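Before reading on, please look over the sequence and the structure shown here. The report is written for someone meeting this structure for the first time.

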Amino acid sequence: MLKNLPTSQTVLPVIVNEGYVFIDKTGFIETYEQGKSKVSLFLRPRRFGKTMFAELLKYYYDAALKEESSGIFRNTYIESHPTPRKSSYHAVKFDFSGVATNNGVPGTLNSFLENVIIGISDFFARYPDLIPHKIMETIPHGRKVNLKEYVTDYYCNKQQFPESSALLKKFLNYLGGFPRRIMVIIDEYDNFTNDILSRDAGAFAEIARKEGDVGKFYQVLRLFNQTGLIDRIFITGVLPITLDTSLSGFVYDKIHDDPKFNAMAGFTGEDVAELLRETVDFEKCRFSPDALRNEMKKRYDGYRFSGIARNSVYNPALCLSFVSNLIRDEYQRLPLLQTESGNDIDFEKFSGYLSLVDAKELNSILARLDTDPENHSANEGYLGIPGLAGSLKITAQGSRLDARAGATLLYHLGFLTIMSTDEARKTVTGYQDGMTYLKIPNQYYRTLFSQYRLSRYPAVFSGISAEKWGIGELSRRNSIKCLSDMLQSIAGAFVKTSCSREGEDQLVLTVYVALTMLAGSSFELTREYSIRHNQEYVFSDGLSDDEYGEIDTEDAPREHPDRKSAPDQDSAASEESFEMALARIGLETADSRKRTVNIKKGRADLVALNTGCGPSYIFEFKYQRDTRSGQETRVKTIKALYDRAVKQLNFYVTDDRLSQIPDLHKYVIIFAYGKFILKEV
């Protein structure tokens, strides 16, 4: 029987006991307990599984949950490998992911206080015999009540407890009167400060200052950790920005840097295989398990949090979103690569975080993350820094992060990841031991970077009317000049790649984003348009419908990978003669750079159906990675790409719906060797 998919609101007991898929991470509890540090800090990007592991710790170690935990840990690793400290703590858990930040600094601090009270109320609900007499006296006998209300009434006496730090101190002093071993779990310690940081660095600095209530809250924890009342503290978060405030004076272990904990949050390849096996009905699904795994690997894999970690991991929230959308669409199409789906960092926050980096330093970072196989003196998609910054400082004065701190910020947010030591040694020109090399982890975040680059061209996307752009002309009459101008203008948005498939993906996405921003409601835009037929289509070259869908730019002629790069005899020919050579075969170029989405079996890259009475369009994209081949080879390659694109377009327009559109125009868009080539078929 297939299992359900959990959401971010699904609690652990429900996941385990009510038929939800559960990926077993309990082996890391054993690893965690073997560590000697009293305070452990675990940083990972948002929605990466930190909360789930924090819940596992609470249910495993809390004495009051011993009976309930026997069911939760049934058939898990830790059930057959119990540890000495199982069910031996009184656990206090504070969850700061729900702190509201939309009412200014005072409202944020009040919400922080409320979440502290929620954690204390949860503790007393599990240990009613420890509820203070002053609270018990106010609770009516024989009635089921909301304990939080009575705890709030007691602790929200502003004269006695003006701040959350004073409240926490009173609570821990009270527990000190009992022979109990305390464990404190803090989930998302910086979630609310990060949210503010993406919008208002000044407000962030005010809340995160050491002398403020949040700073003093953690100093109280440090005090009771030093006295021995609190035996262990486990803290999860995203950024090391508030460490100077929150953990000042703590001796803590950064277990997020430890390769042993690389896969404690996130899905391994085996986890993804289990997820698909447990939730997808492959009798109904038109895609094989291998096809889905390969697609998810390209989109969501690639995270490594230590250079010597053996395996990379997937973003779990995006994997769950992928499977959820696959099931919703009845297994008939692969979900689109949506930059907002299943992730809390939307494009607005993405841009907000990037704005914290000095503009020149950010340009340097983006340039070094770019790839340029034609220019071997350039970095090829990686960024080298002398180690990650231990903490990041944001001030109210508006100072910006330098390149190292900016790269560290992007790494902790999940926009960049650490290259494995082996990969770096093989691919990095001038590799140096002791350096940390970062790259964009996967297609999901390359898409966000491409979208961000598009947004940085205000002369293109604001201040130029759609009419001047020619979008209006495109919707009223066929106008290739409009497309040519658009591609020239967005050239700088492309993130180069040495993979043809990925480059084609990014090329489609870039044009799609540009048309979406500029065309408004003029067109109904569809990427990966599913081709449907009531009758079989036979190709003149003998290829069947299914075989045709597999044709790809990788079939284009290129030099053997083992052969030394050497220019053809005519490689010294000028760029002008190259364009003239293309013109001889009926193709023309438009100046530019590169990138966007991919061609699936039986799917058109991009279809733009006119919502009015004007022309509609279908586009086939081809991408050729740069090589040092000569002019003759380049012309042959482009001709081969064009011929394949024409065959595919001629097949796509036999679609049941498209074949009924009277004014449908077919375009081939090729990016090859630094040039855009546009041609109407």
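What follows is an account of the overall make-up, of the salt bridges, and of two helix packings.

The model described here is predicted. Its protein chain has 681 residues, of which 55% count as buried, and its secondary structure comes to 29 helices and 14 strands. When contacts between residues at least 6 apart in sequence are considered, 77% of them join residues at least 24 apart.

**Salt bridges**

Side chains of opposite charge can pair when their charged atoms come close. Across the whole structure, a search finds 25 salt bridges, and three of the pairs are set out in the table.

| Pair | N to O distance | Separation in sequence |
|---|---|---|
| Lys-25 and Asp-271 | 2.9 Å | 246 residues |
| Arg-46 and Glu-188 | 2.8 Å | 142 residues |
| Arg-85 and Asp-231 | 3.1 Å | 146 residues |

Lys-25 and Asp-271 form a salt bridge in which the closest N and O atoms are 2.9 Å apart. Because Lys-25 sits in the loop between α1 (12–17) and α2 (27–34) while Asp-271 belongs to helix α14 (residues 269–279), the pair ties together parts that lie 246 residues apart in sequence. Buried means under 20% relative accessible area, so Lys-25, with 9% relative accessibility, counts as buried, and Asp-271, with a relative accessible area of 9%, is buried as well.

A salt bridge also joins the side chains of Arg-46 and Glu-188, with 2.8 Å from N to O. Here Arg-46 lies in the loop between β1 (39–43) and α3 (50–61), and Glu-188 in the loop between β3 (182–187) and α10 (191–197), so that parts 142 residues apart in sequence are tied together. Arg-46 and Glu-188 are both buried.

In the pair of Arg-85 and Asp-231, the side chains meet in a salt bridge at 3.1 Å, N to O. This pair links distant parts of the chain, with Arg-85 in the loop between α5 (77–80) and β2 (90–95) and Asp-231 in strand β4 (residues 230–237), 146 residues apart. Arg-85 has 25% relative accessibility and therefore counts as partly exposed, whereas Asp-231 is buried, its relative accessible area being 12%.

Salt bridges also link Lys-58, Asp-62, Asp-122 and Arg-126 in a network.

**Helix packing**

Two packed helices are described by the angle between their axes and the distance between the axes.

The axes of α14 and α15 come within 10 Å and cross at roughly 130°, which makes α14 oblique to α15. Their crossing is right-handed. On the side of α14, Val-272, Ala-273, Leu-275 and Leu-276 take part, and they meet Pro-289, Leu-292, Arg-293 and Met-296 of α15. The residues of this contact of α14 with α15 divide into seven nonpolar, no polar and one charged.

Helix α15 (residues 289–300) also packs with helix α16 (residues 316–328), their axes coming within 10 Å and crossing at roughly 135°. At that angle α15 and α16 are therefore oblique to each other, and the crossing of α15 and α16 is right-handed. From α15 the contact draws on Leu-292, Glu-295, Met-296, Arg-299 and Tyr-300, and from α16 on Leu-318, Cys-319, Phe-322, Val-323 and Leu-326. Of the residues in the contact of α15 with α16, eight are nonpolar, none polar and two charged.

How values were computed
Residues numbered from 1 in each chain as written. Predicted model: local features only at pLDDT ≥ 70, side-chain atom pairs only at ≥ 80, totals over all residues. Heavy atoms only, no water. Axes fitted to C-alpha atoms, helices over the stretch in contact; angles between N-to-C directions. Helix = DSSP H or I, 4+ residues; strand = E, 2+ residues; numbered from the N terminus. Parallel < 35°, antiparallel > 145°, perpendicular 65-115°, else oblique. Left-handed = near helix turned anticlockwise from the far one by under 90°. Contact = heavy atoms within 4.5 Å. Nonpolar A, V, L, I, M, F, W, Y, C, P; charged D, E, K, R; others polar. Salt bridge = Lys/Arg side-chain N within 4 Å of Asp/Glu carboxyl O. Buried < 20%, exposed > 50% of the residue type's maximum accessible area, 1.4 Å probe, protein only.
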